[in-house]
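User: I would like to learn how to read strand pairing, nonpolar cores and buried polar side chains in a model. Could you take me through them one at a time?

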Amino acid sequence: MSRFDRLRRNILAVGIWALSAGIAIAQMPSDSPVNEPSAAAPAEATTPHRESFETYTLIDTFSIEIPAGWLVQEDATGQTVTITSYSADGPPPSVTDIKTEVTLVNEPPTTYVERELDGLISQANDQVYTIDQYGLAAVGGNEALRLWIIDLPGEFSEQMITFVGYETGQTARIVSYFNDASVVTKDTILQMHGSFDLAIAAE
């Protein structure tokens, strides 16, 4: 069995366990070539910085805590927002800048997440990046599947992806891009991902 197949099996085993238990899930990407982590990452606890965070709500869709003063752009579908610590119309992002994309997909996690993982692991196998670690995490009181990616090409060298599945047949995909691997940066990203909450439309 190739490293690609072993990594796919191991990550899916974590995600499917969460899904089969009826729990929400979260995720992230990988290395060059596929370097299997020695063990799945443990669930992470976030360090709250609530005095500097505010709640952003996409009406009837979801809410998420973001650092005060950060910029938010909604796409035309009404299902995705991009959150940045910098202006997209200004100079390129600095070393400490962060970009986060949040999407609510109208597809159950049992199909959506497996398809997404296949794509992520395939690119890792092609040495586009490295899947550094993966494991369960807490998101809004739910279990989630999370992956950390390093060695990314482009403006950002690292990425954290979280997938959260819901009984409504929807899946949230939260992706943060960054360069600075400091504790402050990671705490900020973990706080954002862990605060995601599915909105219930008013009747």
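Analyst: What follows takes these features in turn, bearing in mind that this is a predicted model.

User: Let us begin with pairing: in which sense do S6 and S7 run, and how many bridges join them?

Analyst: The general idea is to follow the bridges from strand to strand. Here strand S6 (residues 130-139) and strand S7 (residues 142-150) run antiparallel and are joined by nine bridges, and within this pair Tyr134 stands opposite Leu147 in S7. The hairpin of S6 and S7 has two residues between the strands, and Gly140 takes a positive phi near 60° there.

User: Which strand pairs with S7 over five bridges?

Analyst: That is strand S8 (residues 158-165), which pairs with S7 in the antiparallel sense; Leu145 stands opposite Phe163 in S8. When reading such strands, it helps to remember that in a regular strand the side chains alternate between the two faces of the sheet.

User: Now the interior: which residues of the largest nonpolar core touch the most other members?

Analyst: The general idea is that, in soluble globular proteins, nonpolar side chains tend to be buried together. In this model the largest nonpolar core has 26 residues, and those touching the most other members are Phe62, Ile64, Val81, Ile83, Val102, Met192 and Phe196. Several elements each supply at least two residues of this core, among them strand S2 (62-67), strand S5 (98-105), S7, S8 and helix H3 (183-194). A second, separate core of 20 residues includes Leu117, Ile131, Phe156 and Ile161.

User: What does Ile64 touch, leaving aside residues up to four places away in sequence?

Analyst: Ile64 touches Glu54, Thr55, Tyr56, Ile83, Val102, Met192, Ser195 and Phe196.

User: Turning to polar side chains, why does Thr130 count as buried?

Analyst: The general idea is to compare relative accessibility with the cut-off, buried being under 20%. Thr130, whose place is in strand S6, counts as buried because its relative accessibility is 1%. Its side chain is joined to that of Asp151 by a polar contact of 3.2 Å, and, C-alpha to C-alpha, Thr130 is 9.3 Å from Glu158 in space although the two are 28 residues apart in sequence.

User: Is Arg146 buried or exposed, and which side chain does a polar contact join to that of Arg146?

Analyst: Arg146, which lies in strand S7, has 3% relative accessibility and therefore counts as buried. The side chains of Arg146 and Thr162 are joined by a polar contact of 2.9 Å.

Conventions: Residues numbered from 1 in each chain as written. Predicted model: local features only at pLDDT ≥ 70, side-chain atom pairs only at ≥ 80, totals over all residues. Heavy atoms only, no water. Pairing = 2+ DSSP bridges. Helix = DSSP H or I, 4+ residues; strand = E, 2+ residues; numbered from the N terminus. Core = buried A, V, L, I, M, F, W, Y, C linked by side-chain atoms within 4.5 Å. Buried < 20%, exposed > 50% of the residue type's maximum accessible area, 1.4 Å probe, protein only. Contact = heavy atoms within 4.5 Å. Polar contact = N/O pair within 3.5 Å; in protein donor to acceptor, adjacent residues only side chain to side chain.
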